Amino acid sequence: TNVEQTLKEEGLALATGRSTGQPFPEKYLPEIDITPELGDNLANRFQQYIGILRWAVELGCFDINVEVSKLSSFCINPRQGNLEATYSIFAYLKKGLPSKLVFDP
């Protein structure tokens, strides 16, 4: 994916294994995050990723709704921890946990 390519260019990778069993890192609270604020380029990337994740929620990934909503409130002044939390959500989505969405017309 585009997120994976971007991380690979920076020498990073999406998390794998047990840590991807939930959208947020364990015990992460974005409202008390004190990591450094992002520069303009990374803040822009964070905003783009939040837009992508909002569309994922609209298209049926309801299990990440709360996490995406919490992070959305930091679009004006995101921090490094907020960006890393978006990476965690993408890793969670990549894991492809079994889920079904059924519509009854």
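Trainee: How do you know whether S73 is buried or exposed?

Mentor: Its relative accessible area is 54%, and the label "exposed" needs over 50%, so S73 is exposed. Keep in mind that this is a predicted model. S73 sits in the loop between α3 and α4. Its C-alpha is 9.5 Å from that of P30, with the two positions 43 residues apart in sequence.

Trainee: Okay, let me step back. Which elements does the chain have, and in what order?

Mentor: Four helices and zero strands, so from the N terminus you read α-α-α-α. The chain has 105 residues, and 35% of them count as buried.

Trainee: How do the contacts split by distance along the sequence?

Mentor: Take those between residues at least 6 apart in sequence: 79% of them join residues at least 24 apart.

Trainee: What makes A85 a buried residue?

Mentor: A85 has 1% relative accessibility, and buried means under 20%, so the label fits. A85 belongs to helix α4. Leaving out residues up to four places away in sequence, A85 touches P23, F24, P25, Y28 and L71. There's also L29, 56 residues away along the chain, with its C-alpha 9.7 Å from that of A85.

Trainee: You mentioned F24 and Y28. Why is that pair called edge-to-face?

Mentor: Two checks. The ring centres are 5.3 Å apart, and a pair needs them within 6.5 Å. The planes then stand at 90 degrees, and over 60 counts as edge-to-face, so that's the name. The count for the structure comes to three aromatic pairs, and ring pairs also link Y49, Y87 and F90 into a cluster.

Trainee: And how accessible are F24 and Y28 themselves?

Mentor: F24 is at 8% and Y28 at 17%. Buried means under 20%, so both rings belong to buried residues.

Trainee: How do you know that E37 and R79 form a salt bridge?

Mentor: The N to O distance between their side chains is 3.8 Å, and the cut-off is within 4 Å, so the pair qualifies. A search of the whole structure turns up one salt bridge, and this is the one.

Trainee: What does that bridge tie together?

Mentor: E37 is in the loop between α1 (2–9) and α2 (40–58), while R79 is in the loop between α3 (65–72) and α4 (80–95), so the bridge joins parts 42 residues apart in sequence. E37, at 47% relative accessibility, is partly exposed, and R79, at 24%, is partly exposed too.

Trainee: What about D33: buried or exposed?

Mentor: Buried: D33 has 12% relative accessibility, and the limit is under 20%. D33 is in the loop between α1 and α2, and its contacts are Y28, R79, G81 and N82, not counting residues up to four places away in sequence. The C-alpha of P78, 45 residues away in sequence, is 9.7 Å off.

Trainee: E67 is a Glu. Why does E67 have no salt bridge?

Mentor: The nearest side chain of opposite charge is K70, and K70 is 7.1 Å away. A salt bridge needs within 4 Å, so E67 goes without, buried as it is. E67 is part of helix α3. Beyond its neighbours within four places in sequence, E67 is in contact with P23, F24 and I89.

Trainee: What puts the buried residues of α3 on the same side?

Mentor: The set is E67, V68, L71 and S72. They cover an arc of only 135 degrees around the axis, which puts them on the same side of α3. The cover over them includes α2 and α4.

Trainee: Which residues have the most contacts inside the largest nonpolar core?

Mentor: V3, L14, F46, I64, L71, Y87 and I89, in a core of 24 residues. The elements giving two or more residues to this core are α1, α2, α3 and α4. In soluble globular proteins, nonpolar side chains tend to be buried together.

Trainee: What does I64 touch?

Mentor: P23, L53, A56, V57, I89, Y92 and L93, again not counting residues up to four places away in sequence.

Key: Residues are numbered from 1 along each chain as its sequence is written. This is a predicted model: local features need pLDDT of at least 70, side-chain atom pairs count only at pLDDT 80 or more; totals for chains, interfaces and linings use all residues. Side-chain values use heavy atoms; hydrogens and water are left out. Rings of Phe, Tyr and Trp (its six-membered ring) pair if their centres lie within 6.5 Å; planes under 30 degrees apart count as stacked, over 60 as edge-to-face and the rest as tilted. Buried means under 20% relative accessible area, exposed over 50%, partly exposed in between (1.4 Å probe, protein chains only). Lys and Arg count as positive and Asp and Glu as negative; His and the chain ends are not counted. Contact means heavy atoms within 4.5 Å. The arc is that of the directions from the helix axis to the C-beta atoms. A nonpolar core is a set of buried Ala, Val, Leu, Ile, Met, Phe, Trp, Tyr and Cys residues joined through side-chain atoms within 4.5 Å.
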